Amino acid sequence: MTIGDPTSISTADSPTRPKDTGLKTIGIIGSGIMGSGLAEVAAGAGFEVILRSRRQDSADSMLSSLQKSIDRHVTKERMTQVQADALAARVTTCTELADLAGCDLVIESVVEDLEVKKGIFAELDGILGPDAIIATNTSTLPVVEMAMATNRPDKVCGIHFFNPAPVMSLVEIISPLTASEETVATACAFITACGKDVVQVKDRAGFIVNALLFPYLNNAARMLELGTASAQDIDTAMQGGCNFPMGPLALLDLVGLDTSVAILDALHTEFGDPNYVAVPSLRRRVAAGHLGRKSGRGFYVYGR
Ligand SMILES: NC(=O)c1ccc[n+]([C@@H]2O[C@H](COP(=O)([O-])OP(=O)(O)OC[C@H]3O[C@@H](n4cnc5c(N)ncnc54)[C@H](O)[C@@H]3O)[C@@H](O)[C@H]2O)c1
């Protein structure tokens, strides 16, 4: 995973609906690590974006991190000030799900908890117009269960971005058994309009990337637990020895240790593979509130 300069930034500077998607307004639910990145990607492609956070102060801080990110693009001459202002103007915030009523596509990106997500899908179903698509940014959870919490299971799919969303080029589109071909095609067209690469995958825990990645990350945490090497040496070894852009423990901190444990739990529930059993030290860190970069401390300590 490359963390650094985006290889391509969409710089649509008019509010024209991106062609061929049939979508104009995108709703994004959740003000965590992923929320403002998703907003930046969609607004950068020319879509109108409404970000929903439960609290106004979280919505405000999402807008300010979005603004900082856009300002960096201007400083680094990846975007003109006019393009940056147009992008920012396409993003608004709200605190009520009802304010997403006019959206054509809503992407849910809240905590990795199936019951919470199902509740949001059921509520959204009663709010959105009949043609609107509801997607989840879940890393592992069964998309079909969210689909069946609605009366429009044919219009539900997974749209799984990677972190940080504006930087990472890949998006997995997940098709639950219930999704129509039209829904999946629209989701793929949306991602293409956002300038990202699409892979399509069936609704299985972890999809492609996380199903393969998480045993490795978990085993890195186990290696630290066993005292085989220091965190820094484990990360340095995998960067230098495998040419990975970041080490596994730094990557766990980036993803969030609570999210990582939730991902491992979902993978273990589905496949029963012992490599997916989260090592004790991961759970203990979460219990201590050491969640990684987002809390200022995980395997490493970060400046706030
Ligand atoms: N962190 C990553 O690297 C990454 C990458 C891709 C996808 N995802 C997925 O994106 C989603 C969000 O992850 P994140 O990393 O942004 O998480 P996060 O912990 O940073 O944020 C979680 C958000 O969920 C909100 N939330 C918690 N409980 C809620 C509830 N009951 N109702 C509504 N909102 C609630 C929180 O307020 C917070 O805004 C998860 O499904 C995760 O698996 C995460």
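Helix α4 lies across strands β1 (25-29), β4 (105-108), β5 (133-136) and β6 (156-160), and runs at about 170° to β5. Contact here means heavy atoms within 4.5 Å. Helices (H or I, at least four residues) and strands (E, at least two) are DSSP runs, numbered from the N terminus. Axes are lines fitted to C-alpha atoms, for helices over the stretch in contact, and angles run from 0 to 180 degrees between N-to-C directions. The model is a predicted one, in which local features need pLDDT of at least 70 and side-chain atom pairs count only at pLDDT 80 or more, while totals for chains, interfaces and linings use all residues. Residues are numbered from 1 along each chain as its sequence is written, and side-chain values use heavy atoms, with hydrogens and water left out.

The open sheet has eight strands in the order β3-β2-β1-β4-β5-β6-β7-β8, with mixed pairing. Two strands pair if DSSP finds at least two bridges between them. At the edges stand β3 (91-94) and β8 (197-202), each of which pairs on one side only. From one strand to the next, the twist averages 25°. A second helix, α2 (residues 56-75), packs on the sheet, where α2 touches β2 (48-52) and β3; the direction of α2 makes about 165° with that of β3.

Both kinds of pairing appear toward the β8 edge. Strands β6 and β7 pair in the antiparallel sense over three bridges, and G158 has I174 in β7 as its bridge partner. Strand β7 (residues 170-175) is parallel to β8 and is joined to β8 by six bridges. Within this pair, E172 has V199 in β8 as its bridge partner, and S175 stands opposite K202 in β8. In a regular strand the side chains alternate between the two faces of the sheet.

Two loops have notable backbone geometry. In the loop between β6 and β7 lies P164, and the peptide bond leading from N163 to P164 is cis, with omega near 0°. E77 is placed in the loop between α2 and α3 (81-89); E77 is not a glycine, yet has a positive phi of about 60°.

The ligand is surrounded by 21 residues, of which E112, K117, S139, V255 and K294 come nearest. A residue is near a molecule if one of its heavy atoms lies within 4 Å of it. The shell divides into eight nonpolar, nine polar and four charged residues. In this division Ala, Val, Leu, Ile, Met, Phe, Trp, Tyr, Cys and Pro count as nonpolar, Asp, Glu, Lys and Arg as charged, and the others, Gly among them, as polar. Helix α4 (residues 114-125) contributes three residues, the largest share of the shell.

Polar backbone atoms also approach ligand oxygen atoms: the distance is 3.1 Å for S31, 2.8 Å for I33 and 3.0 Å for M34. Taken alone, the ligand exposes 840 Å², and the protein buries 82% of that; accessible areas come from the Shrake-Rupley method with a 1.4 Å probe.

Technical notes:
Polar contact = N/O pair within 3.5 Å; in protein donor to acceptor, adjacent residues only side chain to side chain.
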